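Q: I'm new to protein structures, and I'd like to go slowly through one part of this one. Please set the scene first, then take me in for a close look.

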Amino acid sequence: KDDLEFLFRGVEELQRRGYKTDLSFIEKEKILKAFSKERFGENWISMVLNYTLEALFSDPLYGGNVKEIGWKSFDHNSGVPRPKKRFGVIHV
């Protein structure tokens with residue numbers, strides 16, 4: 001739950017700085033580079049990348065890596081045995 005709140009705060013901060021989806025690549029990169037030089041921004045970007053990689057490479061059982069596309073893109077063979085059920089609590 002704390003992570004989710006942190007991620008939303010980062011999005012709000014980027015929007016406050018003028019980040020929008022219709023900006024050019026160069027404009028987006030300029031805002032993100034400035035954001036990444038601050039401790040909050042660096043931590044936020046790190047968390048976004050961590051969750052992105054987790055979703056890309058986790059077992060599809062957990063809701064990411066649909067149809068094993070992340071594994072297939074890197075020609076990865078999953079570990080054995082694979083999990084049979086989810087663990088943990090999902091906070092939405």
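What follows is a close look at the loop between H3 and H4, with the rest of the chain as background.

A: Sure, let's zoom in step by step. One thing to keep in mind throughout is that this is a predicted model.

Start with the whole chain. You can count four helices and zero strands, and reading along the sequence gives you the pattern α-α-α-α. The C-alpha trace spans about 45 × 30 × 20 Å along its principal axes. The radius of gyration is 16 Å, while a compact globule of 92 residues would have a value near 12 Å. Buried residues make up 18% of the 92 residues. The chain exposes about 7,600 Å², and 58% of that comes from carbon and sulfur atoms. If you like charges, there are 16 positive and 14 negative ones, and their mean positions are 2 Å apart. As for contacts with a separation of 6 or more, 34% are between residues 24 or more positions apart.

Before the loop, have a look at the helices that come ahead of it. In soluble globular proteins, nonpolar side chains tend to be buried together. Here the largest nonpolar core has eight residues: Phe 6, Leu 7, Leu 14, Leu 23, Ile 31, Phe 35, Trp 44 and Met 47. Helix H1 (2-16), helix H2 (25-36) and H3 each supply at least two of them, and H1 gives the most, with three residues. Leu 14 is a nice one to click on: leaving aside residues up to four places away in sequence, Leu 14 touches Tyr 19, Ile 31, Leu 32, Phe 35 and Trp 44.

Two other residues show how these helices sit in space. Asn 43 lies in helix H3, and its C-alpha atom is 9.6 Å from that of Phe 6, although the two are 37 residues apart along the chain. Asn 43 has a relative accessible area of 38%, so it counts as partly exposed. Arg 9 belongs to helix H1, and its C-alpha atom is separated by 19 Å from that of Lys 30, 21 residues along the chain. Arg 9 is partly exposed too, at 47% relative accessibility.

Now follow H3, which covers residues 39-57, and stop at Ala 55. With a relative accessible area of 35%, Ala 55 is partly exposed. Not counting residues up to four places away, Ala 55 touches Gly 64 and Asn 65. Ala 55 and Asn 65 are 10 residues apart in sequence, yet their C-alpha atoms are 5.7 Å apart.

Go on to Ser 58, and you are in the loop itself, between H3 and helix H4 (69-73). Is Ser 58 buried or exposed? Buried means under 20% relative accessible area, and Ser 58 has 18%, so it counts as buried. With residues up to four places away left out again, Ser 58 touches Gly 64, Asn 65 and Trp 71. Notice that Gly 64 and Asn 65 turn up for Ser 58, just as they did for Ala 55.

That brings us to Asn 65, which is also in this loop. Asn 65 counts as buried because its relative accessibility is 4%. Look at its backbone as well. Most residues other than glycine have a negative phi, and most peptide bonds are trans. Asn 65 is not a glycine, yet its phi is positive, at about 50°.

Keep going and you reach Glu 68, still in the loop between H3 and H4. Glu 68 is another residue other than glycine with a positive phi, near 60°. What about its exposure? At 26% relative accessibility, Glu 68 counts as partly exposed, whereas Asn 65 counts as buried.

One last stop lies past the loop. Pro 81 is in the segment after H4, and the peptide bond from Val 80 to Pro 81 is cis, with omega near 0°.

To pull the loop together: Ser 58 is in contact with Asn 65, and Asn 65 has a positive phi, as does Glu 68.

Methods:
Residues are numbered from 1 along each chain as its sequence is written. This is a predicted model: local features need pLDDT of at least 70, side-chain atom pairs count only at pLDDT 80 or more; totals for chains, interfaces and linings use all residues. Side-chain values use heavy atoms; hydrogens and water are left out. Helices (H or I, at least four residues) and strands (E, at least two) are DSSP runs, numbered from the N terminus. The radius of gyration is taken over C-alpha atoms; the globule rule is 2.2 Å times the number of residues to the power 0.38. Buried means under 20% relative accessible area, exposed over 50%, partly exposed in between (1.4 Å probe, protein chains only). Contact means heavy atoms within 4.5 Å. Accessible areas come from the Shrake-Rupley method with a 1.4 Å probe; for residues, only the protein chains shown count as cover. Lys and Arg count as positive and Asp and Glu as negative; His and the chain ends are not counted. The place of a charge is taken as NZ of Lys, CZ of Arg, CG of Asp or CD of Glu. A nonpolar core is a set of buried Ala, Val, Leu, Ile, Met, Phe, Trp, Tyr and Cys residues joined through side-chain atoms within 4.5 Å.
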